[in-house]
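Biologist: I would like a close look at one part of this model. Please take a single loop residue with an unusual backbone angle and set it in its context.

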Amino acid sequence: MNRVSSLSLWRERLFGTPFTGFLTLVMAFGIAWVAVPLIRWSLIDATWAGTTRADCAPGGACWVFIRARFGQFMYGLYPVDQRWRVDLAGILFLLGTLSVVFAPQRLRLRLGVAMLVLLPPLGIWLLSGGLSLRYIETREWGGLMLTLFISIYASLIAIPLGILFALGRQSELRVIRLISVVFIEFWRGVPIIAVIFLASLLLPLILPGGIGIDRLARAVIGLGFVIAAYMAEAVRGGLQALPKGQREAATALGLTYWKATGLIILPQALRISLPAMTNEFIALIKNTTLVLVVSILDLLGIAQASLADPNWVGMNMEAYAFSGAIYWLICFALSRWSRHLETLGRRQNH
Amino acid sequence: MNKALSFINDKRVRDWIYQIAAVAFLVGLTIFFVRNASENMVKAGIASGFGFLWRTSGIEVPFVLTGYTQSDNIFSLFWVGVANTMLVTVIGIVLATLLGFVIGIARLSSHWLTSAIAGAYIEFVRNIPLLFFVLFWYFGVIAALPAPRQSIGLFGVAFLNNRGLTIPLPDSVDNLRWAALIVLASWVAYGLISVWARRRKERTGQDAPLLAIGIGLILVIPALAIAWASLATRWDVPVLRGFNYRGGFAVIPEFVALLAALVTYTAGFIAEIVRGGIESVPKGQTEAAGALGLRPGRILSLVVIPQALRVMMPPLTNQYLNVLKNSSFGAAIAYPDVVSLFMGSALNNTGQAIEIIAMTLAVYLVIGLAVSGLMNWYNARIALVTR
């Protein structure tokens, strides 16, 4: 019974009137026109097994290329026998995050701070080496691993700085407010590509002579500063959503500015701004691709560089399809999560 | 507590101490950076000052709107970059707005399949980096277009191939200039008439046939003027000679790829803004207007659109500024915009990083501030008047 009614519902939706029927046919034709060649290319006519370009049938996608280059897409030029270090760093990071998420409420804060202090230096040590691990230059890093590295470490700069400037923008001290507004509007007003150029050119210039700064670190710092400005605006939304009475009540109880901020204001404001902050994190992941302009090869950069391989000429579509799909999956999952948080927050408020 | 120290507990005094400390910290940091920079620059033998702007540039640019040649100075190179940035930004904004509105309205369509396709497009585009689209259009699509000999002809006057787009160029612009003047005059006339009609309606309640006047002044007269001007002008139509097209104006493939990427990407974001704006108008508004006897067209133009526009304007402005900033993605495919020409080529030639970076960032900041100022004024004007 249910089946029949849903069927008739679909008939009503797609062929209810002559006009909707016509529209459905036109749209269906358009979809078929795009989808049929796409499916034929990517699935039916595609070659999956083999080792060289010669194994690939013409006219279809050559997924052999992705298979042969999979290691590079993931790790860049990171030495093959050392790739376990990247995997280990990734697993540690994942375990750290999960342990904080699933920890009992009273331990969560302390555990979170501990992870925040321990994991970043541990990650850098694992990836770059030193202390009995082989030293691996950042020039050899690349691929998806580098995309994630830049996103995570840039947000480690961006989130604290963003919270600080969001508070500064709401401050009643006029000078602090002015400094924050100038900082935020400056970084929001300039293109990120220009900031990456700027960081790679100016950072070595303004530091005392002799201090060399790694070119990947420059890109991470540059991105961190821009995203901090966008994060600050995301946090400001949360701060403004809080009723004024919250701070007034906290002050009336005798809490100092920082105590009131840390115990009353931020826990509530950050919860409200978490979806907006997640959206900024998505934007950050998308913008890490720009490190290409200072010849750091993240996932998209590796895909682009692989097109120059004389053994694999004409693999443009395969490389773009694969790297694009990975970006899409990551960003889509995050945006769904952000939307979920938003509806969750809305439900709690009502 | 010592009486002499008790002023520390005065909130006003403390506030001043904090603010002075913050300023002192910033000034100290700046002095530290500037001293390091000047030391490092002396060591590396880099000059400072803006004198380099008047040196001959010697940089060849494949896409020039300003009449610049290699023997001009670096300052004119800067303006070439600014002009190229503005060109792709303005055209990108217009096309992205059109596509974005179409997709946004399609998303709201009551026809399920139309809405689903629009939704799929939006979800696809928003979750992929813009640089991906730039590289894809440049290396994936434009590079895969046929060679000039097998060009895709557009109405027999423009030709699309893997070397870009060749379009006809007028021999003289006199007639076109007159046409532009006529278009402008008739638009201004429409603006004046609509103001007059509104005043009259407020006074007497009489409607003026604004729609007919609008079609005439906004569409018909300008179309006639442009048609007359294009027919009266001799056009230099590109012709295939040997392996490439001669004559006309060659739009480089980098421009086509960057524009296509900006439009397809930004349209996804504008579509969401349009959808959100129209959905933000409560259904009761439409129903109430209908109950008052307004026809559907008037409901849309008098009730829904003015209210939706108020919600849409701030995020839309943000997107337009994003197009301006994102036009710098052209640097990745060597489109000669201000970042790649000035921050790239000119900086490599002169080494004067600080001056060049400051000038380039100033372009974006000045335009951004001007647009936000304009939009704030506009928002204040259309803001809801509550009494």
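Modeller: The model is a predicted one, and the part I will take is the loop that holds A:Ser132. This loop of chain A runs between helix H5 (105-128) and helix H6 (143-170). Within the loop, A:Ser132 has a phi near 75 degrees, which is a positive value in a residue other than glycine. As for its surroundings, A:Ser132 counts as exposed because 5 other C-beta atoms lie within 10 Å, and the limit for that class is 12 or fewer.

The setting of the loop is a helical chain. Chain A has 13 helices and 0 strands, so that no strand enters its pattern along the sequence, α-α-α-α-α-α-α-α-α-α-α-α-α. Its C-alpha atoms fill a box of roughly 75 × 65 × 40 Å along the principal axes. Of the 350 residues in chain A, 31% count as buried; A:Ser132, being exposed, is not one of these. Among the contacts of chain A with a separation of 6 or more, 66% are made by residues 24 or more positions apart.

Chain B offers a residue to set beside this one. B:Ala334 also has a positive phi without being glycine, with a value near 65 degrees. B:Ala334 sits in a loop as well, here between helix H9 (296-326) and helix H10 (338-350) of chain B. Its surroundings are described by another class: B:Ala334 is partly exposed because 15 other C-beta atoms lie within 10 Å, a count that falls between the limits of 12 or fewer for exposed and 20 or more for buried.

Terms used: Residues numbered from 1 in each chain as written. Chains lettered and ligands numbered in written order. Predicted model: local features only at pLDDT ≥ 70, side-chain atom pairs only at ≥ 80, totals over all residues. Helix = DSSP H or I, 4+ residues; strand = E, 2+ residues; numbered from the N terminus. Contact = placed C-beta atoms within 7 Å.
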